[in-house]
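Biologist: I should like to learn how to read the features of a helical model in a systematic way. Could you take me through one example, giving the general idea before each case?

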Amino acid sequence: QARVERMEQFQKEKEELDKGCRECKRKLAECQKKMKELEVAEPESGKGELEKLQAEAQQLKNEEKSWENKLEELRKKEKNMPWNVDTLSKDGFSKSVFNVKPEEKEETEEQKEKKHKTFVERYEKQIKHFGMLRRWDDSQKYLSDNPHLVCEETANYLVIWCIDLEVEEKHALMEQVAHQTIVMQFILELAKSLKVDPRACFRQFFTKIKTADQQYLEGFTEELEAFKERVRGRARARLEKALREYEEEERQKRLGPGGLDPVDVYDSLPAELQKCFDVKDVQMLQDTISKMDPTEAKYHMQRCIDSGLWVPNAKGGDGAEKGAGEAVYEEIQKENGAED
């Protein structure tokens, strides 16, 4: 009885470690996929988010290593267990499940960019044709006729195209191209898992998807929906960035001689001063200024001058010494005194 309980406990521990390791690998693969999409779609503006994903990926790699160390310890423990009917009748760990593919030498960003540019210049028309296909059989036949399209460069181009279409508000077309993007990404993922050239296994992808492997089909649909949501997010971020750049450009055009924005300055004025500028009444402005606290009046008039909201008459050089706002304030006070 005790032996049976120990074996059950051992089996339970093995299953939990197996599940934990697979889940960690899944999260890492998902994180790396997001990083790749971000690097392709928003290489500059997405740096902040990319750094967060890189930190998350590093943490997941550490967790993955921890899981694999625990699995290795359990394997050693299993080897040292005494033989009996339970240990002889059950499969041990399949090491191939956890074998990590040796890391290949990565290309530099410059090499990747050059390779992508050359590929797109040569095959853009064919990539777009593939992006517009709807039927599984048509996609398989087109890739059979053009196997050079089964590569990272095609997937990267399709990702960018999806974001461009969403920005242009061509939502239905984006969803169509998104479908083909995930087709290509699934083929590339299958090639990685089988450790073969993608061109050698794309037919296997179509066989699995067309024979309605339910789990595989559900995984495809879930990834497609998640990808479309990411595309919408990237499109929104791009539009927001463009809007911010436009607003900043317009603000720079508005800046007055002192480098202040007249819109910001106007919004900061007391209501009674705003009214003077609304009706463009100089006499009202003079009357309002004369009733204000001198320090506050000089402060606001200086900001009005620096923003170009108010252009004082150039009468001598004393304004330059005292400060234009102070000079205007005193000039207004003199004019009001003369009228009195």
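Modeller: The discussion below moves from the overall fold to helix packing, nonpolar cores, salt bridges and backbone angles. Please keep in mind that this is a predicted model.

Biologist: Let us begin with the whole chain. How many helices and strands does the secondary structure of the protein chain come to?

Modeller: The chain has 16 helices and zero strands. Of its 340 residues, 35% are buried. Contacts can also be sorted by separation in sequence: among those between residues at least 6 apart, 66% join residues at least 24 apart.

Biologist: How should one describe the packing of two helices?

Modeller: In general, two packed helices are described by the angle between their axes and the distance between the axes. Here, consider helix α6 (residues 136–145) and helix α9 (residues 202–210), whose axes come within 10 Å and cross at roughly 175°. An angle over 145 degrees counts as roughly antiparallel, and α6 and α9 are therefore roughly antiparallel to each other.

Biologist: Which residues in α6 meet residues in α9?

Modeller: From α6 the residues are Trp136, Asp137, Ser139, Gln140, Leu143 and Ser144, and they meet Phe202, Arg203, Phe205, Phe206, Ile209 and Lys210 of α9. Sorted by class, this contact comprises six nonpolar, three polar and three charged residues.

Biologist: Let us turn to the nonpolar interior. Which residues have the most contacts inside the largest nonpolar core?

Modeller: The largest nonpolar core has 40 residues, and those with the most contacts inside it are Phe130, Leu143, Ile187, Phe205, Phe206 and Phe220. Two or more residues each come from α5 (109–131), α6, α7 (152–167), α8 (171–194), α9 and α10 (214–254). Of these elements, α8 gives the most, with 11 residues. There is also a second, separate core of 13 residues, which includes Leu269, Met301, Cys304 and Ile305.

Biologist: To follow one member of the largest core, what does Phe205 touch beyond residues up to four places away in sequence?

Modeller: Phe205 touches Trp136, Val183, Phe186, Ile187, Leu190, Tyr216 and Phe220. Two of the names in that list have already come up: Trp136 belongs to the α6 side of the helix pair, and Ile187 is listed with Phe205 among the residues with the most contacts in the core.

Biologist: How should one read a salt bridge?

Modeller: One may ask how far apart the partners are in sequence, where they lie and how exposed they are. A search of the whole structure finds 22 salt bridges. In one of them, Glu64 pairs with Lys25, the closest N and O atoms being 2.8 Å apart. Glu64 lies in helix α2 (residues 47–79) and Lys25 in helix α1 (residues 2–41), so the pair ties together parts that are 39 residues apart in sequence. Glu64 is buried, with a relative accessible area of 15%, whereas Lys25 is partly exposed at 23%.

Biologist: How many residues apart in helix α6 are Lys141 and Asp145?

Modeller: Lys141 and Asp145 are four residues apart, which places about one helical turn between them. Their closest N and O atoms are 3.0 Å apart in a salt bridge. Lys141 is exposed, at 54% relative accessible area, and Asp145 is partly exposed, at 48%.

Biologist: Are Arg230 and Glu223 buried or exposed?

Modeller: Both are buried, and they form a salt bridge in which the closest N and O atoms are 2.9 Å apart. Elsewhere, salt bridges that share partners join Glu175, Glu225, Lys228, Glu229 and Arg232 into one network.

Biologist: Where is Arg232 placed, and what does this residue touch beyond its sequence neighbours?

Modeller: Arg232 is in helix α10 and is partly exposed, at 22% relative accessibility. Not counting residues up to four places away in sequence, Arg232 touches Glu166, Met174 and Glu175. The C-alpha atoms of Arg232 and Ile163 are separated by 7.2 Å, although these residues are 69 apart along the chain.

Biologist: Finally, how should one read backbone phi values?

Modeller: Most residues other than glycine have a negative phi. Glu169, in the loop between α7 and α8, has a positive phi near 65° and is exposed, at 60% relative accessibility. Lys280 has a positive phi of about 55°; this residue lies in the loop between α12 (271–279) and α13 (282–291) and is exposed, with a relative accessible area of 73%.

Definitions and conventions. Residues are numbered from 1 along each chain as its sequence is written. This is a predicted model: local features need pLDDT of at least 70, side-chain atom pairs count only at pLDDT 80 or more; totals for chains, interfaces and linings use all residues. Side-chain values use heavy atoms; hydrogens and water are left out. Axes are lines fitted to C-alpha atoms, for helices over the stretch in contact, and angles run from 0 to 180 degrees between N-to-C directions. Angles under 35 degrees count as roughly parallel, over 145 as roughly antiparallel, 65 to 115 as roughly perpendicular and the rest as oblique. Contact means heavy atoms within 4.5 Å. Ala, Val, Leu, Ile, Met, Phe, Trp, Tyr, Cys and Pro count as nonpolar, Asp, Glu, Lys and Arg as charged, and the others, Gly among them, as polar. A salt bridge is a side-chain nitrogen of Lys or Arg within 4 Å of a carboxyl oxygen of Asp or Glu. Buried means under 20% relative accessible area, exposed over 50%, partly exposed in between (1.4 Å probe, protein chains only). A nonpolar core is a set of buried Ala, Val, Leu, Ile, Met, Phe, Trp, Tyr and Cys residues joined through side-chain atoms within 4.5 Å.
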